[in-house]
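Student: Please take a close look at one part of this model, the packing of its helices, and then add a word on enclosed space. I would like one connected account that states the criteria behind each term.

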Amino acid sequence: MNTSAHSRSSPDHRTVSMVESMTIRLSPGKLSEYRNLLKPQYRDHRDMTKRHAPTVPFPKDAGPVTPAQLKKLVLASGRIQLLIDEQSTHDRAKRAQLARSIAELLDEIGLAENLPVIRTLGTMLNAIFARIYTGVHVNEAKLSGLRSRFGRQTVLYLPSHRSYGDFILLSYVLFCYDIAIPGIAAGMDFYSMAGMGSALRNTGAFYMRRTYGNDRQYWYIFREYMRQLIVAYDRGVEFFVEGTRSRSNKALPPKIGLLSMALEPLFMGEVPDLLVVPVSISYDRPVEEQLFVYELLGVPKPKETTRGLLKALAIVRENFGSIYLEFGDPLSAKDYFGAGLNRARHTVAPTFVQTLAAEERDAIQNLANDVVHLQQHRMVLTTFHLIALHYNYRKYHGQTVTLTELVAGVTLLGRMFADLGAVTEVEECGDVERACLAALDVHRNVLQLTGDRVLVIARSRHDFSRVDKRKLKGYSLTEGVMKLAVPIFSLQLYCNPCLHWLAVPAMVLLAGRRLAAGCDLTVPRDELLRLVRELRCLFGLEFVLYARREVVEFEAALQHLERQGLLACRGDSLSFAPEGHGQTPVDVYLSALGPFLCTYLQATDVLLEQFRPKAQFTEKEYLTAVQQHVEQQLLRQERNVHPYCLSLDSISLALHSLVTLGSVKKSKSDNVYRYDLGTDGAIELTNERLRRYGALLPFEYLTFQDAVTGCKL
């Protein structure tokens with residue numbers, strides 16, 4: 001695989017030490033630090049009529065800035081005054097018109113604060129949470145530690161994004177613990193919801209358009225509004241560094257647009273520091289679970305409307321289990337950037353006419369990557385995540401799973417993830433069987449126990465004939481394949497959060513299998529690292545891996561696998577244990593990686609078979625072709641094809657990963673992105689290597705054909 005687009009040199013010792021100190025050496029998370037807000041003893045916390053005197057993260061000497069004053073600061077700023085001067089050409093009438101236009105845009109963007117609205121929405125959330133959740137668990141120890149850091153700098157709350165409810169949940173928890181609700185970046189899809197857009201604005205939401213295009217005026221105004229939130233606002237700012245919800249329940253590669261705007265005043269010397277707070281939100285069962293499955297298969301999401309939201313809330317009576325929320329260890333942005341924070345370079349001109357340098361944006365990208373890593377590091381793996389992973393592994397071998405076997409498997413996985421450093425629901429569980437039964441009750445739409453206490457995949461009862469095929473993002477799949485795919489996708493959604501912990505160990509084991517010749521299970525360390533690096537580069541977007549953490553994660557994976565008895569480190573060589581040895585079966589790791597490896601193999605097969613003769617193709621053409629090809633492979637029951645290979649998310653990431661590696665070329669014409677394979681043979685080499693790895697997988701996936709009750713292909 002061509003790795004030219006990635007930095008392949010090993011990080012220096014100082015960088016490795018810094019990265020390791022932020023992650024691997026973090027104090028281990030503990031489930032015992034969480035408290036359930038829905039318990040009776042927290043009734044006073046949930047009381048929305050209580051006296052409201054919240055702790056403000058960064059109180060200003062001149063007093064708090066109101067939302068109206070915030071808009072005035074934007075309008076009076078040097079950046080906006082310069083914009084008005086340039087566009088009005090000193091014409092008073094034009095100047096007045098521009099000022100009105102900017103004020104209207106600020107009204108579209110700007111947040112508001114309305115305590116009665118906050119109390120009303122909080123009361124509604126109390127009722128909804130009590131009806132559909134068994135717990136809203138907050139890590140109080142970490143929240144207390146965060147509160148102790150208040151008072152010295154603006155706070156940036158950066159939550160993970162797995163549900164529409166994320167920012168509402170965060171505001172709810174802050175109100176319960178008497179902490180001021182921050183300004184919250186929200187998309188225009190909420191803005192357009194009748195009534196709800198206004199209500200969310202009154203609880204701190206400020207709105208941003210998804211794209212600015214060539215609208216320089218909007219770009220300047222929004223950028224200045226963000227600047228004033230950082231410089232003048234005392235309640236902090238919240239936004240999602242991933243940019244959008246993850247439909248796959250995995251992390252998404254971070255986007256640095258908003259983060260760059262938020263950090264610009266720090267680099268320009270306008271604020272002394274910023275406190276960056278990664279926030280991890282873990283859902284036992286996301287409310288949008290089925291919606292995500294359909295979107296991954298290509299069915300577009302319905303337009304958000306207030307009527308649709310109210311209708312959904314009215315009919316929801318199901319149990320969605322628990323939510324876990326942790327405010328992670330705060331990072332001082334000043335300390336993080338260290339010597340890279342060179343404010344002197346920005347003293348030569350007014351800050352509002354300057355932009356960040358390329359190396360500053362690179363440093364911000366590193367911070368964004370680390371924030372996503374820290375979010376993942378503190379996600380709680382629920383009992384059902386472990387159930388899904390164990391069932392997935394067993395089905396690859398055509399094995400049934402009884403309740404007794406399930407309990408033993410979940411217990412084993414709990415110990416394995418504890419060794420990796422993950423927080424799981426089973427770590428302090430005295431009765432794993434009871435926990436498994438409770439989890440299966442919540443997720444009975446995915447897995448069910450038969451009368452003989454054997455675990456089976458629940459049958460999909462959806463009518464796919466009603467899907468509007470004209471709006472599909474990919475290929476129009478047959479109803480039989482949809483009925484197979486939907487339950488498997490639902491199951492895979494709960495395996496995916498485990499990939500943060502399992503992806504690199506799985507790559508080590510897979511690369512080790514490729515290097516081990518015959519009965520000789522000893523391989524050179526540097527050669528193993530080379531192959532793992534190739535796999536990391538290929539799956540970097542899929543699992544949000546990046547070069548700066550390469551050595552740290554490789555060494556951590558080796559140490560974990562050695563503790564599991566799966567390999568032994570002997571200086572510059574490594575000895576892998578024979579099949580069947582070790583505490584955790586090797587196939588547990590490989591079964592987690594398998595669906596993604598097969599997806600990339602199928603994608604490169606299609607590129608070579610269908611797009612090699614073409615001069616160029618669009619992403620839509622590619623997505624459609626890969627889904628159609630995978631459906632045919634499933635119908636023929638071929639090897640190295642899995643229902644999850646139909647995921648448009650992973651199919652798209654495969655293409656963009658190949659672009660990053662230089663195996664596929666990307667260009668733009670007539671405002672449309674087009675792709676071609678080039679003539680250097682890179683895509684052929686990648687395909688061949690994927691095929692070799694596929695041959696090393698110890699399963700054929702065909703057992704999934706019979707796993708879904710009533711599915712006929």
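**Helix contacts and the largest cavity**

Tutor: Leu403, Leu406, Val407, Val410 and Thr411 of α18 are in contact (heavy atoms within 4.5 Å) with Val432, Glu433, Cys436, Leu437 and Leu440 of α19. The model is predicted, so local features need pLDDT of at least 70 and side-chain atom pairs count only at pLDDT 80 or more, while totals for chains, interfaces and linings use all residues. Residues are numbered from 1 along each chain as its sequence is written, and side-chain values use heavy atoms, without hydrogens or water.

Helix α18 spans residues 403–420 and helix α19 residues 432–442 (helices are DSSP runs of H or I with at least four residues, strands runs of E with at least two, numbered from the N terminus); their axes come within 9 Å and cross at roughly 105°. Axes are lines fitted to C-alpha atoms over the stretch in contact, with angles from 0 to 180 degrees between N-to-C directions. The two helices are therefore roughly perpendicular (65 to 115 degrees). By class, the contact of α18 with α19 has 8 nonpolar, 1 polar and 1 charged residues; Ala, Val, Leu, Ile, Met, Phe, Trp, Tyr, Cys and Pro count as nonpolar, Asp, Glu, Lys and Arg as charged, and the others, Gly among them, as polar.

Helix α25 (residues 586–611) takes part in two further packings. With helix α26 (residues 619–635), α25 packs at about 110°, the axes being 9 Å apart, which makes the pair roughly perpendicular. The crossing of α25 over α26 is right-handed (the near helix is turned clockwise from the far one by less than a right angle). On the α25 side, the contact uses Gln602, Ala603, Asp605, Val606, Leu607, Glu609, Gln610 and Phe611; α26 supplies Glu621, Tyr622, Ala625, Val626, His629, Val630 and Gln633. This contact has 8 nonpolar, 4 polar and 3 charged residues.

Helices α25 and α27 (residues 648–661) pack at an angle of about 65°, with axes 9 Å apart; they are therefore roughly perpendicular as well. Here too α25 passes in a right-handed crossing. Phe596, Thr599, Tyr600, Ala603, Thr604 and Leu607 of α25 meet Ser650, Ile651, Leu653, Ala654, Ser657 and Leu658 of α27. In this contact 8 residues are nonpolar, 4 are polar and none is charged.

As to enclosed space, the largest cavity (points on a 1 Å grid over the protein atoms alone where a 1.4 Å probe fits but cannot get out) has a volume of about 140 Å³. Its lining (residues with an atom within 4 Å of a point) includes Arg162, Tyr283, His385 and Trp501. Strand β7 gives the largest share, 3 residues. The lining has 7 nonpolar, 4 polar and 1 charged residues.

Definitions and conventions. Angles under 35 degrees count as roughly parallel, over 145 as roughly antiparallel, 65 to 115 as roughly perpendicular and the rest as oblique. On a 1 Å grid over the protein atoms alone, a cavity is a set of points where a 1.4 Å probe fits but cannot get out, and a pocket is an open set with protein on both sides within 12 Å along at least five of seven lines; lining residues have an atom within 4 Å of a point. Grid points are joined across faces, edges and corners, and a volume is the space filled by probe spheres set on the points.
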